[in-house]
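Hello,

Here is the structure you will be working with. Please open it first, then read the notes below it.

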Amino acid sequence: MDFKFGEKEEQLRREIREFAKEELPPGWLAAMLEEENSDEDWGFAMTMSGKLAEKGWLTMSWPVEYGGKGASLWEQLAYSEEAAYWGIPGVGMGIGGVDWVGPSLMMFGSEELKKKHLPLIASGKPDGVWCTAYSEPNAGSDFANIRTSAIREKDEYIINGQKIWTSAAHRARWCWLAVRTDLNAPKKHQGISVIIVDMKSKGVTVRPLINYAGYHIFNEVFFDDVRVPSTNLVGKENNGWYQLMHSLGFERGSVAGRGCGYNRRILDELVQYAKENHLFREKEIRHKLADMAVLIETQRILACETIWKMSKGSNPVYEPSRDKVFNDQIAERLAIIGTGLLGMYSQMDPLQRKSKWTKLKGCVEALYWLFPGIAIAAGTDEVEMNIIGQFGLKLPKSY
Amino acid sequence: MDFDFSEDQIMIKDAARKFLEKECPKDMVRKLKEDKLGYDPLMWQKMADLGWMGLILPEEYGGTGLAYMDLVVLMEEMGRNLLPAPFFPTVALCALPILEYGSAEQKEKILSEIANGEKVYTLALTEGSATYEASGIELCVYLEGDDYLLSGTKLFVPYAHAADYLLVVGRTSQKGNPEEGVTVFIVDAKSPGIDTEVIPTAAHDRQCEVRFDRVKVPRENVLGEVNKGWDIVEFILQRGAVLKCAEMLGGTEAVLEMTNNYAKERIQFDKPIGSFQAIQHKLAQMLIEVEGLRYLTYEAAWHINAGIPSKLLISMAKTKANEVYQRTCLDGVKIHGAVGFTEELDLSLYFIRTKSSEFSLGDGGFHRERIACELEQLQPLFIGNCL
Ligand SMILES: Cc1cc2nc3c(=O)[nH]c(=O)nc-3n(C[C@H](O)[C@H](O)[C@H](O)COP(=O)(O)OP(=O)(O)OC[C@H]3O[C@@H](n4cnc5c(N)ncnc54)[C@H](O)[C@@H]3O)c2cc1C
């Protein structure tokens, strides 16, 4: 056994810290899910995407020919953790460009699609920004229930239907879309495909959905006779379900590294706040913070274990779900303990982060008001638990 | 024992629900969230006409003369319907202590103005330290001739921007322990030197910063006795906390109901999500918690009503309310899935109030400490009894 990162990763961490110091405004502290909300925040995130691309970090684990550096999974983990700790925005290229669109294209995409899209994402420019449209009003956890259809007509697909909860659709140039291509398939998992849609296409309408704290994170997206070239099909027609299980694995797998970096930052901020406000001597508070430290270290080492398995060539089955649920649980406890620590000051509107009453730049209340969103997105806790039960513990399917 | 509501209480409950469902539906709650004043003076007047503000004030002041327990029933309905109005500050935080500690003249003037809906009152208690401990009271008070001069800043004062009068808790003596040397003043909100600013809270529930710069208050506006004000604060903390619990209880009942209904309607995997055990058990746990909160709140309220000292029960009820309100809302949101994360859903209006309710009149830490202090002083039953 060896529980140390290598010198290469440590060197990378130092470089990222240096970068954060130079490129982020003094005292920068990122708040959860704020990136897509305002034009100002989005603009800044895009600038940072460009700079991360210049450094070669944005898509570091991709092969050189597609705009990556061929970095190891370990370097990738160190980068995710550091970027989240320092709150560097713009690491994702919208929802999924970096984390699952790119990797899925490398697995299933045609040479043409790879050549076109991978360098665009890797460039960190607005034309490489993605949204991911799976969910529909009647297809949430039961994702295979989608109805949005794509009908082949000569060398085009004609798309009709409605997607919902599509994050960053109001920022994205491209949509990673799950559709039904065979309306007569005997089972609902069959007949699903993945198609890439240019968000500028005629017939695409994006309507904002506003969160209870006033954030514009996600949208409804309507497809009304939208025509896309048939070459935009990713992989094989009607093979979408299989492909998407991989994409979802990439998505869930991207949570852990970032999660533990960000959670660690919030914990550090809370410890510092407690020290500065003479709260750290109170046993109850000390112990709560100590519990959080135990949880976050556990999270970190679990994330490392998942990477280790992958680095040995095995394909993790339940581990990304394990790491995702665990992150949700930690975020919830951190939010509750954090708001408890700030007391009355934690009632602040997270969108008024500059108000004079706001503590810790509003990151604690943003976490509290928004963590339910990350716990629901990419598979609810119950769905992830079902996966762990069925595939990790080999229990009979429960639903 | 008897767990039934009285006839009066059933009447209050039904009337309140009918009135609030009609006058204060959720789109009204949403509208008032963005409104400058944060409540509807017309609705306020109707509430006064229904006798709500004077519900437990004696008839001589224009009240109905009902009991504390009846007010608890009313507050529960207000919580269930999320009524945005300065009712809690005016009645729970001000009318009750004035009724208990006010002079004959003060009661005569103030209580009738409250009962008929003419005046809005609020309590300016907490400061920058944001604590309900007496040590948090630093607002300076000097005597100059026949007037007191108040200087300092109060924080998280509910509806101060709309208040006609404030009960201001100030420090009149630095000697002794912090609980001695505190005095409560009745202050005209329009007095020169008062500056009010609404704090942007997530709930948009109109809590304010109120700054006092040598604000003149005549001697006769002291409530109760000089330097004995902490007794009044303790009185407010106890009576108010249970009313806050009742409001939170009403909220949890509504959230449980909505979520339970949704679990029956929402179909995924060809079944209502409520048929999945993971969801069923969560809802079952919610039921255990909500019913526990309900009777703990009623028990504490009944003791107050009967005049039995009940500091322990009160703190238990608020500790429970803080836990249950938050847990119920969080699980309610999660059971709804993504739609639970939107402003569209009524449930979010309850969730967004979790923190302001929790920190109103004492968070879990504050009340747990009070419970522990009581436990420390109690003699265990088995000691001294032969075993
Ligand atoms: C902030 C946010 C961002 C999002 N971004 C995107 C996006 O970019 N693209 C996209 O396509 N989607 C997105 N989503 C949608 C997300 O994927 C869905 O919300 C999620 O899959 C759950 O579906 P649902 O909301 O319909 O809930 P439902 O599936 O209706 O679930 C409701 C409740 O039932 C439970 N449940 C359902 N099935 C079972 C079962 N078998 N066993 C036990 N419990 C069960 C759930 O756990 C949940 O508690 C986002 C959601 C959020 C909150």
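In this predicted model, a polar side-chain atom of A:Glu382 sits 2.7 Å from an oxygen atom of the ligand. The side chain of A:Thr380 also takes part, with an N or O atom 2.6 Å from a ligand oxygen. On the chain B side, B:Ala338 uses its backbone: a polar atom there is 2.8 Å from an oxygen atom of the ligand. How much of the ligand does the protein bury? Taken alone, the ligand exposes 970 Å², and 94% of that is buried by the protein.

Next, the residues around the ligand. There are 30 of them, and the closest are A:Thr132, A:Ser141, A:Thr380, A:Glu382 and B:Arg266. The site is shared between chains, because residues from both A and B surround the ligand. Sorted by class, this shell holds 16 nonpolar, eleven polar and three charged residues. Four elements each supply at least two residues of the shell. From chain A they are β1 (130–133), α9 (363–376) and α10 (381–392), and from chain B α9 (311–336).

Now the domains of chain A. The assignment gives domain 1 (7–91), domain 2 (130–239) and domain 3 (254–392). The centres of domain 2 and domain 3 of chain A, taken over C-alpha atoms, are 31 Å apart. Where these two domains touch, six residues of domain 2 of chain A are in contact with nine of domain 3 of chain A. Between them they bury about 560 Å², with 66% of it on carbon and sulfur atoms. Which three residues of domain 2 of chain A supply more of its area buried against domain 3 of chain A than any other three? They are A:Tyr212, A:Ala213 and A:Tyr215, which supply 72% of it.

Chain B can be read in the same order. It is divided into domain 1 (7–119), domain 2 (123–229) and domain 3 (231–383). For domain 2 and domain 3 of chain B, the centres over C-alpha atoms are separated by 30 Å. Their contact takes 14 residues from domain 2 of chain B and 13 residues from domain 3 of chain B. The pair buries about 1,000 Å², 70% of it on carbon and sulfur atoms. Of the area that domain 2 of chain B buries against domain 3 of chain B, 47% comes from B:Tyr132, B:Ala203 and B:Gly229, more than from any other three residues.

Regards

Methods. Residues are numbered from 1 along each chain as its sequence is written. Chains are lettered from A and ligands numbered from 1 in the order in which they are written. This is a predicted model: local features need pLDDT of at least 70, side-chain atom pairs count only at pLDDT 80 or more; totals for chains, interfaces and linings use all residues. Side-chain values use heavy atoms; hydrogens and water are left out. A residue is near a molecule or strand if one of its heavy atoms lies within 4 Å of it. A polar contact is a pair of N or O atoms within 3.5 Å; within protein, one must be able to donate a hydrogen and the other to accept it, and residues adjacent in sequence count only if both atoms are side-chain atoms. Accessible areas come from the Shrake-Rupley method with a 1.4 Å probe; for residues, only the protein chains shown count as cover. Ala, Val, Leu, Ile, Met, Phe, Trp, Tyr, Cys and Pro count as nonpolar, Asp, Glu, Lys and Arg as charged, and the others, Gly among them, as polar. Domain bounds come from an automatic or database domain assignment. Contact means heavy atoms within 4.5 Å. Buried area is the accessible area (1.4 Å probe) that two parts lose on being put together, summed over both.
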